[in-house]
Amino acid sequence: MDRFVTASRKRKRHVGGELDQASHSKKSREAPEEELEEDYGEEEDMLLKEFSQPIPCSREAPEEELEEDYGEEDMLLKEFSQPIPWRKIEAEGLDCDYCLLFKTEEANELFNALERELEYFTGDQAKVQVFGKSYSVPRKQATYGNEGLMYSFSGVHLLARTWTPTLENIRDTVTKATGHTFNFVLVNRYKNGLDHMGEHRDDERELDPSCPIASVSLGAARDFVFRHRNSRGGAGRGGPPPVKLELAHGSLLLMNAPTNTNWYHSLPVRKKSQTPRINLTFRRILKKLK
């Protein structure tokens with residue numbers, strides 16, 4: 001079986017609503033420090049197909065289409081009236097879509113604006129609990145979203161700060177591109193290639209299982225690796241091989257169900273990377289029922 005299959009796809013536009021209930025799933029946990037610093041060897045890198053060419057994202061409607069009379073919903077999607085070329089990423093139990101959402105100049109502006117606006121956690125909120133031990137997070141983190149939303153993972157509970165203007169701009173652009181609405185974003189800032197993210201699944205029970213996770217990357221391009229749950233650990237070598245791709249500056253990766261049920265993902269150490277990266281993972285958190 002191929003490592004994964006890619007194909008261009010035009011996504012249908014629709015506006016997703018929030019659900020009142022969600023199925024419960026296992027709590028995601030980051031790997032211990034030794035596993036977090038795992039790098040991938042040359043042999044494996046050669047086996048895994050990478051995205052070396054940027055994917056154009058069409059953002060302007062043809063002149064004749066702009067002259068049409070748009071209703072309220074059409075006006076919302078007017079900027080993206082041309083379907084975005086997506087690249088499909090598939091493997092056994094893995095379903096993702098990828099595109100270059102922002103052009104370089106716009107991506108640069110967004111990155112610089114986030115550097116001015118964002119406030120990152122410090123102290124205990126900058127640590128995670130792994131197997132009963134506390135570890136400093138090897139990157140900076142922040143959470144923003146609708147009022148009162150809380151996100152819990154790896155022994156920490158993070159209350160969302162109010163959306164900044166730039167985060168709202170990016171969120172709305174992602175919604176127009178995907179048709180899904182989001183009420184929360186987890187921000188990770190990597191100062192260089194030594195900052196990293198260990199293997200984990202975004203399967204917390206407060207996440208709406210019907211809504212994909214939308215990951216926007218700004219700054220340094222970094223490798224992003226999926227590993228099947230049956231391929232982890234000494235006894236788990238029977239699952240599909242890992243899937244790796246490079247997340248480019250201005251790109252959007254959409255992780256659809258059931259990806260986070262079957263596959264762990266990570267951003268491994270890349271010592272040659274010397275520049276910072278900001279990653280925004282937009283999510284829909286379910287409001288707790290009273």
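Author: Welcome! A helix here is a DSSP run of H or I with at least four residues, and helices are numbered from the N terminus. The model you see is predicted.

Reader: Thanks! How many helices and strands are there in the protein chain?

Author: The protein chain has 290 residues, of which 51% count as buried. Its DSSP runs come to 7 helices and 17 strands.

Reader: What is the mean pLDDT of the chain, and which long stretch is below 50?

Author: The pLDDT is the predictor's confidence in each residue, from 0 to 100. The mean over the protein chain is 77, with 63% of the residues reaching 70 or more. Residues 1-8 stay under 50, and the long stretch that also lies below 50 is residues 12-70.

Reader: Why should I take care when looking at parts like that?

Author: The model still places contacts there: 23 beyond four places in sequence for residues 1-8. For residues 12-70 there are 151 beyond near neighbours in sequence. Still, where pLDDT is low, predicted coordinates should not be read in detail.

Reader: Let's look at helix H6. What span is expected for its 14 residues?

Author: Helix H6 covers residues 165-178. The expected span is 1.5 Å times one less than the number of residues. The end C-alpha atoms of H6 are 20 Å apart, which agrees with the expected span of 20 Å.

Reader: Is Ala-177 of H6 buried or exposed?

Author: Ala-177 belongs to helix H6, and its C-alpha atom is separated by 9.9 Å from that of Cys-99, 78 residues away along the chain. A residue counts as buried under 20% relative accessible area. Ala-177 has 0% relative accessibility, so it is buried.

Reader: What phi does Gly-179 take, just after H6?

Author: Most residues other than glycine have a negative phi. Gly-179, just after H6, takes a positive phi of about 85°.

Reader: How are helices H5 and H6 oriented to each other?

Author: Helix H5 covers residues 104-117, and its axis comes within 9 Å of the H6 axis. Among the residues that meet are Leu-110 and Leu-114 in H5, with Leu-167 and Ile-170 in H6. The axes cross at roughly 140°. Angles over 145 degrees would count as roughly antiparallel, so the two helices are oblique.

Reader: Now the open sheet of 4 strands: which strands stand at its edges?

Author: The strand order is S11-S16-S13-S14, with antiparallel pairing. An edge strand has a single partner, so one of its sides is left without a neighbour in the sheet. The two edge strands are S11 (197-200) and S14 (243-247).

Reader: Which residue in S16 stands opposite Met-197?

Author: Strand S11 is joined to S16 (residues 263-267) by 2 bridges, and the two run antiparallel. Opposite Met-197 stands Leu-267.

Reader: How far apart in space are Val-243 and Ala-91?

Author: Val-243 lies in strand S14 and counts as buried because its relative accessibility is 1%. In sequence, Val-243 and Ala-91 are 152 residues apart. Their C-alpha to C-alpha distance in space is 8.2 Å.

Reader: Last one: which peptide bond is cis, with omega near 5°?

Author: Most peptide bonds are trans. Look in the loop between strand S15 (251-256) and helix H7 (259-262), where you will find Pro-258. The cis bond runs from Ala-257 to Pro-258.

Methods: Residues numbered from 1 in each chain as written. Predicted model: local features only at pLDDT ≥ 70, side-chain atom pairs only at ≥ 80, totals over all residues. Heavy atoms only, no water. Contact = heavy atoms within 4.5 Å. Pairing = 2+ DSSP bridges. Axes fitted to C-alpha atoms, helices over the stretch in contact; angles between N-to-C directions. Parallel < 35°, antiparallel > 145°, perpendicular 65-115°, else oblique. Buried < 20%, exposed > 50% of the residue type's maximum accessible area, 1.4 Å probe, protein only.
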